[in-house]
Each structure stands twice: as structure tokens, then as C-alpha cells.
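Colleague: I'd like to learn how to read a model like this one, feature by feature. Could we go through it together?

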Amino acid sequence: LAAVFLSVLCIGYTPSTQAQEGYEGKKLYLDLGVGLSRYGFVDNYYYNYYGYDRYSLPTLRANLEYGFNHFISGGLYAGYNHYGYKGTGVYNSLEYDYRNHTSYFSVGARATFHIWAFLNNHLDLGLGVNQLDLYASVMTGIRVRTHTTKDLSKTSTKRTFGGHFGPTVGAKYYFINNMAVFAEGGYGSSSFGVFGITFMF
């Protein structure tokens, strides 16, 4: 789904080849990324050790931010992560399917301080590499955990809600006008690290 969405954006979006100056205020930024989930590591080991048919998705995340000024932006984010296992069992000579899966959906607000733009433009340090954007963000919101089990007798779903608050740091490089690649690490939405592409409008 993320790949299809990204392909549609790329087809419909024709950037200029002029060199970009990195982060700018009064612009809208859309980040689309995939990352390493911070959930399911223990389950990975357990399921693989005992031969379960395990499956998982990387974390998918999208940010939409607006540049309030030359070094501060803010907006919304959403993230999704899914993992579980499935297989077949036998009970009284009857074969049945079983399934166990867990998903995390996060949504909230995000504030970002653009370090490179602040040093280069606001403090006039002239560090160069104007296409670079180094930044630090704080993300806070709600995380929804959905756990579903299915066996011979029943299917049950349990949903719990919790808060999310965490810092991240990252870097973007604008390889062409209005488009950049980025990498980000920290306590993000369901992930320890995310990489992807940014569109500036």
C-alpha cells in the first residue's frame, strides 16, 4: 500500500532539477518512510525457535509538517506496525487453522527543530552543504494495540490504548528541488529507525 501511494505521488509530482536550499519556512512537508519495528523482538526468537510460521511488516510512517519559520516546523504523524504467526493444528483427528497477530497504530503531533538551518541561516555560520537538513523532533500521541487470536473454538480480539512520547533525530538531503531522502533514529512511532522520502510543497 505504501509503495503504491509513493508511486502515485512520484508520477503526479514533477520536481525541478534546480538545487534545493534544504529546509525552508512557510512550506509544507510530506514524509513517507519505512522502519525497524521496536515491537516483537522476543516473539521473533520464540516463534522461530519453535518452528512457527511467523510473518511481520516493517513500520510504515507518514508525517505532514508545516514550516512555521526558518528553523521550527510542526504537524501530524501516523504509524502502523503488524506481526504475528499462523499455522495448523490437530485436535481429535480434526485439523484446524490457528492465528495470532498484533498490530500497533499510532497517531499524534510532532514538533521539529531544524538544527542545520538554524546554524546556517539564523546564526550566519556559513557551514555550507545547503541541501542538508539536520533536525531533532519530539513526537507525542496515542498508540492503539490490537491483539487477535484464532483457534479451534473461537476468535477473540483485545484492543488497548496508551500514550506515546519520544524524541528522534534525523537528516534529510535534498537531491533535487522539493524532494529529499531522509533517515531518522530514536523513539519514534512504533520504530527505532525510519528511512524514506520527503516531498516539499
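Colleague: Which residue follows α3, and is its phi positive or negative?

Modeller: First, a word on the ground rules: this is a predicted model, in which local features need pLDDT of at least 70 and side-chain atom pairs count only at pLDDT 80 or more, while totals for chains, interfaces and linings use all residues. Residues are numbered from 1 along each chain as its sequence is written, and side-chain values use heavy atoms, with hydrogens and water left out. In general, most residues other than glycine have a negative phi. Here Asp-124 follows α3, and its phi is positive, near 55°. Helices (H or I, at least four residues) and strands (E, at least two) are DSSP runs, numbered from the N terminus.

Colleague: Where else is there a positive phi at a residue that is not a glycine?

Modeller: One is Asn-178, with a phi of about 70°; its place is the loop between β6 (155–176) and β7 (179–188). Another is Ser-190, at about 65°, in the loop between β7 and β8 (191–200).

Colleague: Is Ser-190 buried or exposed?

Modeller: Buried means under 20% relative accessible area, exposed over 50%, and partly exposed in between (1.4 Å probe, protein chains only). Ser-190 counts as buried because its relative accessibility is 1%.

Colleague: Back to the helix, then. Which residues of α3 are buried?

Modeller: A general idea helps: an α-helix has 3.6 residues a turn, so residues three or four places apart point the same way. In α3 (residues 115–122), the buried ones are Trp-116, Ala-117, Phe-118 and Asn-120. Their cover includes β4 and β5.

Colleague: How do β4 and β5 pair, and over how many bridges?

Modeller: Two strands pair if DSSP finds at least two bridges between them. Strand β4 (residues 94–114) and strand β5 (residues 132–150) run antiparallel, with 16 bridges; Ser-103 stands opposite Thr-146 in β5. β5 also pairs with β6 in the antiparallel sense, over 19 bridges, and there Leu-132 faces Tyr-173 of β6 as its opposite residue. Four residues separate β5 and β6 in their hairpin.

Colleague: Which strands pair with β8?

Modeller: Strand β1 (residues 28–37) does so in the antiparallel sense over nine bridges, with Ser-37 opposite Ser-191. β7 is also an antiparallel partner, over eight bridges, and Ala-180 has Thr-198 in β8 as its bridge partner. The hairpin of β7 and β8 has two residues between the strands. β8 is mostly covered, with seven of its ten residues buried.

Colleague: How should I read a single strand residue, such as Arg-99?

Modeller: In a regular strand the side chains alternate between the two faces of the sheet. Arg-99 is in strand β4 and counts as partly exposed because its relative accessibility is 36%. Contact means heavy atoms within 4.5 Å. Not counting residues up to four places away in sequence, Arg-99 touches Tyr-55, Tyr-85, Lys-86, Thr-148, Thr-149 and Lys-150. Its C-alpha atom is separated by 6.7 Å from that of Asp-151, 52 residues apart along the chain.

Colleague: And what does Leu-64 contact?

Modeller: Leu-64 lies in strand β2 (residues 53–67). Leaving aside neighbours within four places in sequence, Leu-64 is in contact with Leu-28, Tyr-29, Leu-30, Gly-74, Gly-75 and Leu-76. Leu-64 counts as partly exposed, at 40% relative accessibility. Leu-64 and Leu-32 are 32 residues apart in sequence, and C-alpha to C-alpha they are 9.1 Å apart in space.
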